[in-house]
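I opened this model to look up a few helices, loops and side chains. My notes are kept in the order of looking.

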Amino acid sequence: MVFQIGAALLDACVLAVLSEGDAYGYILTQNIKEIVTVSDSTLYPVLRRLEKGNLLESYSQPFEGRNRKYYRITQSGTTQLEQYRIEWKTYAASIEKVLSGGLSHE
């Protein structure tokens, strides 16, 4: 993809994926990579920042003799995601208008 993704949009994508269900880091990263181009090293700081902001929380669960760290969205994260969705609709409509030649030059 030629378009760069900003921090707020990446936050929104992470929260949207987690709104579908809890996920551990690797799976979450793979799901995000299906949407946008990001590196593993980009996503983990985002997860820490969202957790620090109480938008998501983590917990450990045993898997094959090791603990996996899972992430889940919090109520604050769900509220923030709804705000992102509202703002995205407005933003996307504006960009669509420009790209489709819908601006008037009066």
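The entries below go from helix packing to the core and then to single residues.

**Entry 1: helix 1 against helix 3**

I noted at the start that the model is predicted. I then took helix 1, residues 7-19, and helix 3, residues 40-52, and looked up how their axes lie. The axes come within 11 Å and cross at roughly 80°. Angles of 65 to 115 degrees count as roughly perpendicular. Helix 1 and helix 3 are therefore roughly perpendicular to each other.

Next I listed the residues that meet. From helix 1 they are Ala-7, Leu-10, Asp-11, Val-14 and Leu-15. From helix 3 they are Thr-42, Leu-43, Val-46, Leu-47, Arg-49 and Leu-50. I sorted the residues of this contact by type and got 8 nonpolar, 1 polar and 2 charged.

**Entry 2: two residues of that contact**

I picked Asp-11, which lies in helix 1. Is Asp-11 buried or exposed? Its relative accessibility is 6%, so I entered Asp-11 as buried. Leaving aside neighbours within four places in sequence, I found Asp-11 in contact with Val-46, Arg-49, Leu-50 and Tyr-84.

From the other side I picked Thr-42, in helix 3. Thr-42 is partly exposed, at a relative accessible area of 34%. I checked the spacing to Leu-10: Thr-42 and Leu-10 are 32 residues apart in sequence and 9.8 Å apart in space, C-alpha to C-alpha. The side chain of Thr-42 also has a polar contact of 2.9 Å with the side chain of Ser-39.

**Entry 3: the nonpolar core**

In soluble globular proteins, nonpolar side chains tend to be buried together. I looked up the largest nonpolar core here and found 22 residues in it. Which residues have the most contacts inside it? They are Val-14, Leu-18, Leu-28 and Ile-32. Helix 1, helix 2 (25-35), helix 3, strand 3 and helix 4 are the elements that give two or more residues to this core. Helix 1 gives the most, with 7 residues.

I followed Leu-18 further. Neighbours within four places in sequence aside, Leu-18 is in contact with Ala-23, Leu-28, Leu-56, Tyr-71 and Ile-73.

**Entry 4: Ile-73 and Thr-74**

Ile-73 came up as a partner of Leu-18, and I looked it up next. Ile-73 is placed in strand 3. Ile-73 is buried, with a relative accessible area of 17%. Not counting residues up to four places away in sequence, Ile-73 touches Leu-15, Leu-18, Ser-19, Leu-55, Leu-56, Thr-78 and Leu-81. I also took one longer distance: the C-alpha atoms of Ile-73 and Trp-88, 15 residues apart along the chain, are separated by 19 Å.

Thr-74 lies in the loop between strand 3 (66-73) and helix 4 (75-99). I found Thr-74 buried, with a relative accessible area of 10%. A polar atom of the Thr-74 side chain lies 3.0 Å from the backbone nitrogen of Gly-77. With residues up to four places away in sequence not counted, Thr-74 touches Asn-54, Leu-55, Leu-56 and Glu-57.

**Entry 5: positive phi values**

I looked up two residues that have a positive phi without being glycine. Asn-54 has a phi of about 65°. Asn-54 lies in the loop between helix 3 and strand 2 (56-63). Asn-54 is partly exposed, with a relative accessible area of 44%. Thr-74, from the entry above, touches Asn-54.

Glu-64 has a positive phi of about 50°. Glu-64 lies in the loop between strand 2 and strand 3. Is Glu-64 buried or exposed? Its relative accessible area is 71%, and I entered Glu-64 as exposed.

**Entry 6: Asp-22**

My last lookup was Asp-22, found in the loop between helix 1 and strand 1 (23-24). At 39% relative accessibility, I put Asp-22 down as partly exposed. What does Asp-22 contact, neighbours within four places in sequence left aside? I found Tyr-59, Tyr-71 and Arg-72. The side chains of Asp-22 and Tyr-59 make a polar contact of 2.6 Å. For Gly-65, I noted 43 residues of separation from Asp-22 in sequence and 20 Å in space, C-alpha to C-alpha.

Technical notes:
Residues numbered from 1 in each chain as written. Predicted model: local features only at pLDDT ≥ 70, side-chain atom pairs only at ≥ 80, totals over all residues. Heavy atoms only, no water. Axes fitted to C-alpha atoms, helices over the stretch in contact; angles between N-to-C directions. Helix = DSSP H or I, 4+ residues; strand = E, 2+ residues; numbered from the N terminus. Parallel < 35°, antiparallel > 145°, perpendicular 65-115°, else oblique. Contact = heavy atoms within 4.5 Å. Nonpolar A, V, L, I, M, F, W, Y, C, P; charged D, E, K, R; others polar. Buried < 20%, exposed > 50% of the residue type's maximum accessible area, 1.4 Å probe, protein only. Polar contact = N/O pair within 3.5 Å; in protein donor to acceptor, adjacent residues only side chain to side chain. Core = buried A, V, L, I, M, F, W, Y, C linked by side-chain atoms within 4.5 Å.
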